[in-house]
Amino acid sequence: MKIAFMGTPDFSVPCLRALAESGHEIVGVFCQPDKPVGRKQELHQPPVKQEALRHGFRVLQPTSLRGGQGVALLKELQPDLVIVVAYGKILPADFLAFPKYGCVNIHASLLPKYRGASPIHWAVMAGDAQTGVTVMQMDEGMDTGDILLVKKLPIPPDATTEEMFERLSELGAAAMLEAIRGIEEGTLTRTPQDHAAATTVGLLTKEMGAIDWRKPAKEIHNLIRGLYSWPGAYTSLHGKRLKLLRARCSDKSGKGAPGTVLIQNGALLVVCGDGQCVELLEVQPEGKKRMDAASFLNGRGAADGDQFEMTE
RNA sequence: CGCGGAGUAGAGCAACCCGGUAGCUCGUCGGGCUCAUAACCCGGAGGUUGUAGGUUCAAAUCCUGCCUCCGCAA
């Protein structure tokens, strides 16, 4: 089968790699244009582009697919099927309709839950016990297409978004191959989504990482692991920003205002709104490298009784 | 030149402003106490202070170049 692939970030790479090894003919790989990244604004190639080049695939980075621009490219490539994994742009109707088998998307949630951007973050932040990947036949809406295939995956209580990213991207690749096989053999059934049960999530912002210590410990822990490793949760101590990288719910409760630091048996605990504590395991002070809680305390980064400030 | 912080024993820091041969917490090694211990007590090892040069009687400390790491911003 002649397949065109569309994707941009790390999450898409396992799918592209699986596709490359599948024996299908890859007629082209779409991804977002190179963007300036890093402290020095260097132009950076999206992970998918790097992977595509490694395989010698043709790379296309159109700024827009609208106004027939996308279709013009498809006419040239003549794919039977287009696989879309975290591409980052809405595909217009004429584009979706062009390939013989249409466009199929791999989405990292159990649709219709968490339609939209960053579904994995939201699932972890919500403290969900289960997530998965959904393969769907794309339509014009945002993740509203008919479901072709679903694969579920449990979310361990302390798992971070980063860990789930890895597992889900691998699972996504497996689901994708299975779906392609199904499409070729005509064995897949299309199941419409229950639109009434749909939830949609938006882009993440950095400000979301600001910890409000008045919230329950469980919620704070979910926020920290849900935003790990990007954009990251943070608080403020002595006027400096402190990134909170890893934590866990402590069975200890503590007196004191929310945000109070307690040091017990070498553990760095913080009192939360419900009186329960979260134990910080790994932090990163502004301008410093990441370090475990013990190092932070040894260097006197925080002392018993300190107050974390709640940044706006 | 986008703004800013930092490179000192295995780890995290102090001493730098007001130059004078390096200190703290932890780890590590040995010994002691204890039924026992990640607890406590005693003792030891471990650093040419990122790198190159300059100023000086003397530089971790002042000056200059270079390398590296990181926060903000993207």
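These questions and answers walk through a predicted model of a protein chain with an RNA strand.

Student: In which order do the 7 strands of the open sheet stand?

Tutor: The sheet is open and its pairing is mixed. Its edges are formed by strand 5 (59–60) and strand 10 (146–154), each of which pairs on one side only. Read across the sheet, the order is 5-2-1-6-7-9-10.

Student: Which residue of strand 6 is the bridge partner of Ala4?

Tutor: Strand 6 pairs in the parallel sense with strand 1 (residues 2–7), over 5 bridges, and also in the parallel sense with strand 7 (residues 103–107), over 3 bridges. The residue to look for stands opposite Cys103 in strand 7. The bridge partner of Ala4 in strand 6 is Val82.

Student: How many of the 5 residues of strand 6 are buried?

Tutor: A residue is buried when its relative accessible area is under 20%. On one side of strand 6, Leu81, Ile83 and Val85 are buried, and on the other side Val82 and Val84 are buried, so that both faces are covered. Strand 6 (residues 81–85) is therefore largely enclosed by the rest of the structure, and the count of its buried residues is 5 of the 5.

Student: Which residues of helix 1 are buried, and what covers them?

Tutor: Helix 1 spans residues 13–21, and just after this helix Gly23 takes a positive phi of about 90°. The cover over its buried residues includes strand 1, strand 2 (25–30), helix 2 (47–55), strand 6 and helix 6 (161–185). The buried residues themselves are Val13, Pro14, Cys15, Leu16, Ala18 and Leu19.

Student: Why does Cys15 form no bond with the closest cysteine sulfur?

Tutor: A disulfide requires two cysteine sulfur atoms within 2.5 Å. Cys15 is buried, with a relative accessible area of 1%, and the closest cysteine sulfur belongs to Cys31. That sulfur is too far for a bond, because the separation is 15 Å.

Student: How many disulfides are there by this rule?

Tutor: Cys277 can be examined in the same manner, and it counts as buried at 1% relative accessibility. Its sulfur has the sulfur of Cys272 as the closest one, at 6.6 Å, which is too far for a bond. By the rule applied here, the number of disulfides comes to 0.

Student: Is Asn222 buried or exposed?

Tutor: Asn222 is found in helix 7 (residues 217–226). Leaving aside neighbours within four places in sequence, Asn222 is in contact with Val124, Met125, Ala126 and Gly127. Because its relative accessibility is 5%, Asn222 counts as buried.

Student: Is Asn265 buried or exposed?

Tutor: Asn265 lies in the loop between strand 14 (261–264) and strand 15 (267–271). The C-alpha atoms of Asn265 and Phe95, which are 170 residues apart in sequence, are 61 Å apart in space. With a relative accessibility of 80%, Asn265 counts as exposed.

Student: Which residue offers the backbone oxygen that the side chain of Arg225 reaches?

Tutor: Arg225 lies in helix 7 and counts as buried at 4% relative accessibility. Apart from neighbours within four places in sequence, its contacts include Val124, Gly127, Ile155 and Asp158, while its C-alpha atom is separated by 7.5 Å from that of Ala247, 22 residues away along the chain. The backbone oxygen, reached at 3.5 Å, is that of Pro156.

Student: Which residues are the closest to RNA strand B?

Tutor: RNA strand B is surrounded by 16 residues, which divide into 2 nonpolar, 7 polar and 7 charged. Of the atoms of RNA strand B that come within 4 Å of the protein, sugar and phosphate account for 61%. The closest residues are Arg39, Lys288, Lys289, Ser295 and Asn298.

Student: Which residue has a backbone N or O atom 2.9 Å from a base nitrogen of RNA strand B?

Tutor: Several parts of RNA strand B can be taken in turn, beginning with a phosphate oxygen, which is 3.1 Å from an N or O atom in the side chain of Lys206. A sugar or linking oxygen lies 3.1 Å from a polar side-chain atom of Gln284. For the base nitrogen, the residue whose backbone atom lies at 2.9 Å is Asn298.

Conventions. Residues numbered from 1 in each chain as written. Chains lettered and ligands numbered in written order. Predicted model: local features only at pLDDT ≥ 70, side-chain atom pairs only at ≥ 80, totals over all residues. Heavy atoms only, no water. Helix = DSSP H or I, 4+ residues; strand = E, 2+ residues; numbered from the N terminus. Buried < 20%, exposed > 50% of the residue type's maximum accessible area, 1.4 Å probe, protein only. Contact = heavy atoms within 4.5 Å. Near = heavy atom within 4 Å. Polar contact = N/O pair within 3.5 Å; in protein donor to acceptor, adjacent residues only side chain to side chain. Nonpolar A, V, L, I, M, F, W, Y, C, P; charged D, E, K, R; others polar. Pairing = 2+ DSSP bridges.
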